[in-house]
Amino acid sequence: MSIERMIPDLQASFACEDVRVEASGAHTIVGIVNFIGAPTLPIQIIKLCIWTRWSSGIGQFQQVTRLIAPDEETVLATATTQFHLGNEESHTTNVNIFGGLQFREAGAHHIEILLDGELKLHYPMRVVLVQQPPPQA
């Protein structure tokens, strides 16, 4: 008896500045983002990538990646990715690229990863105001 559908495992997800795909197919991750520092708000980010890797599933799936404001209700950005896993040993890596994101307030924003409408991961990405050093005389 063959299995037609098996929910995959989410192995990892993180925010970064860029993802480059090499000729070999390997990913080079540039600048994993732990927080966004801003001298003033609002701040606009040119590019933010969300990298996710799924494995050990079978079937057709839909990943939704959302960036949520500190109020935990306002969706600042969303991306939908369809993917297929052919067998239990399959894996896929999805990269969602968000351009021109604007953050209007400091605080814990959240990244959410949903699979077929079910929340699989919810993690913080803080936006913090950073003090500029005083000009030296």
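Phe 83 counts as buried, at 4% relative accessibility. The model is a predicted one. Phe 83 lies in strand β6, and β6 is an edge strand of an open five-stranded sheet. Ring pairs join Phe 83 with Trp 54 and Phe 61 in a cluster. The points below start from that cluster and move out to the sheet, a buried glutamine, the cysteines and the loops.

**Aromatic pairs**

- The structure holds three aromatic pairs.
- One of them is Phe 14 with Trp 51, a stacked pair with 4.9 Å from centre to centre and 15° between the planes.
- Phe 14 sits in strand β1 (residues 9-21) and Trp 51 in strand β4, so this pair ties together parts that are 37 residues apart in sequence.
- Phe 14 and Trp 51 are both buried.
- Phe 61 and Phe 83 form a tilted pair, because their ring centres are 5.5 Å apart and their planes stand at 35°.
- That pair also links distant parts of the chain: Phe 61 is in strand β5 and Phe 83 in strand β6, 22 residues apart.
- Phe 61 is buried, with a relative accessible area of 1%.
- Phe 83 is buried as well, at 4%.
- The cluster made by ring pairs consists of Trp 54, Phe 61 and Phe 83.

**The open sheet**

- Five strands make up the sheet, in the order β3-β9-β8-β5-β6.
- The sheet is open, and its pairing is mixed.
- Its edges are β3 (35-38) and β6 (75-85), each of which pairs on one side only.
- From one strand to the next, the twist averages 20°.
- At the β3 edge, the partner is β9 (residues 118-129), paired in the parallel sense over four bridges.
- Ala 38 has Leu 129 of β9 as its bridge partner.

**Gln 63, a buried polar residue**

- Gln 63 is placed in strand β5.
- Its relative accessible area is 0%, so Gln 63 is buried.
- What does the side chain of Gln 63 join through a polar contact? The partner is the side chain of Asn 94, at 2.8 Å.
- Beyond residues up to four places away in sequence, Gln 63 touches Thr 52, Trp 54, Ala 79, Thr 80, Thr 81, Phe 83, Asn 94, Asn 96, Ile 113 and Leu 114.
- Two members of the aromatic cluster, Trp 54 and Phe 83, are thus among the residues that Gln 63 touches.

**Cysteines without a bond**

- The count of disulfides comes to zero.
- Why do Cys 16 and Cys 49 form no bond? The sulfur of Cys 16 is 4.9 Å from the sulfur of Cys 49, its closest cysteine sulfur, and that is too far. A disulfide needs the two sulfur atoms within 2.5 Å.
- The relation holds from the other side too: for Cys 49, the closest cysteine sulfur is in Cys 16, at 4.9 Å.
- Cys 16 is buried, with a relative accessible area of 0%.
- Cys 49 likewise counts as buried, at 0% relative accessibility.

**A cis proline after β3**

- The peptide bond from Leu 41 to Pro 42 is cis, with omega near 5°.
- Pro 42 belongs to the loop between β3 and β4 (43-55).
- At 45% relative accessibility, Pro 42 counts as partly exposed.
- Which residues contact Pro 42, leaving aside neighbours within four places in sequence? They are Gln 102, Phe 103 and Arg 104.
- Pro 42 and Arg 104 are 62 residues apart along the chain, yet their C-alpha atoms are separated by 4.2 Å.

**Positive phi in two loops**

- Glu 72 has a positive phi, near 65°, although it is a residue other than glycine.
- Glu 72 is placed in the loop between β5 (59-68) and β6.
- Is Glu 72 buried or partly exposed? Its relative accessible area is 39%, so Glu 72 is partly exposed.
- Asp 116 is not a glycine either, and its phi is positive at about 50°.
- Asp 116 lies in the loop between β8 (107-115) and β9.
- At 36% relative accessibility, Asp 116 counts as partly exposed.

Key
Residues are numbered from 1 along each chain as its sequence is written. This is a predicted model: local features need pLDDT of at least 70, side-chain atom pairs count only at pLDDT 80 or more; totals for chains, interfaces and linings use all residues. Side-chain values use heavy atoms; hydrogens and water are left out. Two strands pair if DSSP finds at least two bridges between them. Axes are lines fitted to C-alpha atoms, for helices over the stretch in contact, and angles run from 0 to 180 degrees between N-to-C directions. Buried means under 20% relative accessible area, exposed over 50%, partly exposed in between (1.4 Å probe, protein chains only). A polar contact is a pair of N or O atoms within 3.5 Å; within protein, one must be able to donate a hydrogen and the other to accept it, and residues adjacent in sequence count only if both atoms are side-chain atoms. Contact means heavy atoms within 4.5 Å. Rings of Phe, Tyr and Trp (its six-membered ring) pair if their centres lie within 6.5 Å; planes under 30 degrees apart count as stacked, over 60 as edge-to-face and the rest as tilted.
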